[in-house]
Amino acid sequence: MLNNKGFTLIEMILILAIVCMLTAIFSIKLTSYNAATNLEVVKLKQTIIKSKLDSTYFAKKNNVSIQDNHIVVNLKDEAINKLSCRNTKFSYNLRGHINKPVKLECSGYNNLYNFNLSIGTGILYE
């Protein structure tokens, strides 16, 4: 007489395969969302650096305003969808310098990004 209590090896392998497939699907979605957030961080940094270079090259003052999910440089609005940033305003003068240090805080999917703009040169530090 056989005792039919418990699981067979095939049932255990089947359950393990289902759990592995669900884990793989979840981790792929999580990785793609992190990658999208990182692209938004790069976009934000490029916009700030371009603003500094434009003010130096064209000898004009650039006003930069970061509000929630938008960065505005001289009234040109650009969306940063995957990031939420604390409201910050600063200006680059004709030489590409800023008058006061700026701390920019943004949050993305489970990450907090801190950027610092140094006084004078206005160089962006991460």
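These legends describe close-up views of a predicted model.

**View 1. The disulfide between Cys 85 and Cys 106.**
A search of the whole structure finds 1 disulfide. Cys 85 and Cys 106 form it, with their sulfur atoms 2.0 Å apart. A disulfide is a covalent bond between the sulfur atoms of two cysteines. The pair links distant parts of the chain. Cys 85 belongs to strand E4 (residues 84-92), and Cys 106 to strand E5 (residues 102-108). In sequence the two cysteines are 21 residues apart. The torsion about their S-S bond is about 105 degrees, so the disulfide is right-handed.

**View 2. Three cysteines and their exposure.**
Cys 85 has a relative accessible area of 3%, so Cys 85 is buried. Cys 106 is buried too, at 1% relative accessibility. Cys 20 counts as partly exposed, with a value of 45%. The cut-off explains these labels: buried means under 20% relative accessible area.

**View 3. The surroundings of Cys 85.**
Which residues does Cys 85 touch, not counting those up to four places away in sequence? They are Leu 44, Ile 66, Asp 68, Ile 80, Leu 104, Glu 105 and Cys 106. Cys 106 is the disulfide partner of Cys 85. Leu 44, Ile 66 and Leu 104 appear again in the next view, as members of the largest nonpolar core.

**View 4. The largest nonpolar core.**
This core has 19 residues. Leu 44, Ile 48, Ile 66, Cys 85, Phe 90 and Leu 104 have the most contacts inside it. Several elements give two or more residues to this core. They are H1, strand E1 (62-68), strand E2 (70-73), E4, E5 and strand E6 (111-117). In soluble globular proteins, nonpolar side chains tend to be buried together.

**View 5. Ser 51, a buried residue of helix H1.**
Ser 51 is found in helix H1. Its relative accessibility is 2%, so Ser 51 counts as buried. Which residues is Ser 51 in contact with, leaving aside its neighbours within four places in sequence? The contacts are Asn 62, Val 64, Val 73 and Tyr 92.

**View 6. A nonpolar patch on the surface.**
Six residues make up this patch: Leu 14, Ile 15, Ile 18, Val 19, Leu 22 and Ile 25. Together they have about 570 Å² of accessible area. Val 19 lies in helix H1 (residues 9-57). At 45% relative accessibility, Val 19 counts as partly exposed.

**View 7. The salt bridge of Asp 54 and Lys 50.**
A search of the whole structure finds 3 salt bridges. Side chains of opposite charge can pair when their charged atoms come close. In this view, the side chains of Asp 54 and Lys 50 meet at 2.9 Å, N to O. Asp 54 and Lys 50 are 4 residues apart in helix H1, so about one helical turn separates them.

**View 8. A network of salt bridges linking Arg 86, Lys 103 and Glu 105.**
Glu 105 meets Arg 86 in a salt bridge of 3.9 Å, N to O. Arg 86 lies in strand E4 and Glu 105 in strand E5, so the pair ties together parts that are 19 residues apart in sequence. Glu 105 also meets Lys 103, at 3.7 Å, N to O. Are these side chains buried or exposed? Glu 105 is partly exposed, with a relative accessible area of 27%. Arg 86 is partly exposed at 45%. Lys 103 is partly exposed at 43%.

**View 9. Ala 59, with a positive phi.**
Most residues other than glycine have a negative phi. Ala 59 is not a glycine, yet its phi is positive, about 50 degrees. Where is Ala 59? Its place is in the loop between H1 and E1. With a relative accessibility of 48%, Ala 59 counts as partly exposed.

**View 10. His 97 and Lys 61.**
His 97 lies in the loop between E4 and E5. His 97 is partly exposed, with a relative accessible area of 25%. Along the chain, His 97 and Lys 61 are 36 residues apart. Their C-alpha atoms are separated by 9.6 Å.

Technical notes: Residues numbered from 1 in each chain as written. Predicted model: local features only at pLDDT ≥ 70, side-chain atom pairs only at ≥ 80, totals over all residues. Heavy atoms only, no water. Disulfide = S-S within 2.5 Å. Buried < 20%, exposed > 50% of the residue type's maximum accessible area, 1.4 Å probe, protein only. Patch = residues over 30% accessible without salt bridge, like charges linked within 9 Å, V, L, I, M, F, W, Y side chains within 5 Å. Areas by Shrake-Rupley, 256 points an atom, 1.4 Å probe, with all protein chains shown as cover. Salt bridge = Lys/Arg side-chain N within 4 Å of Asp/Glu carboxyl O. Contact = heavy atoms within 4.5 Å. Core = buried A, V, L, I, M, F, W, Y, C linked by side-chain atoms within 4.5 Å.
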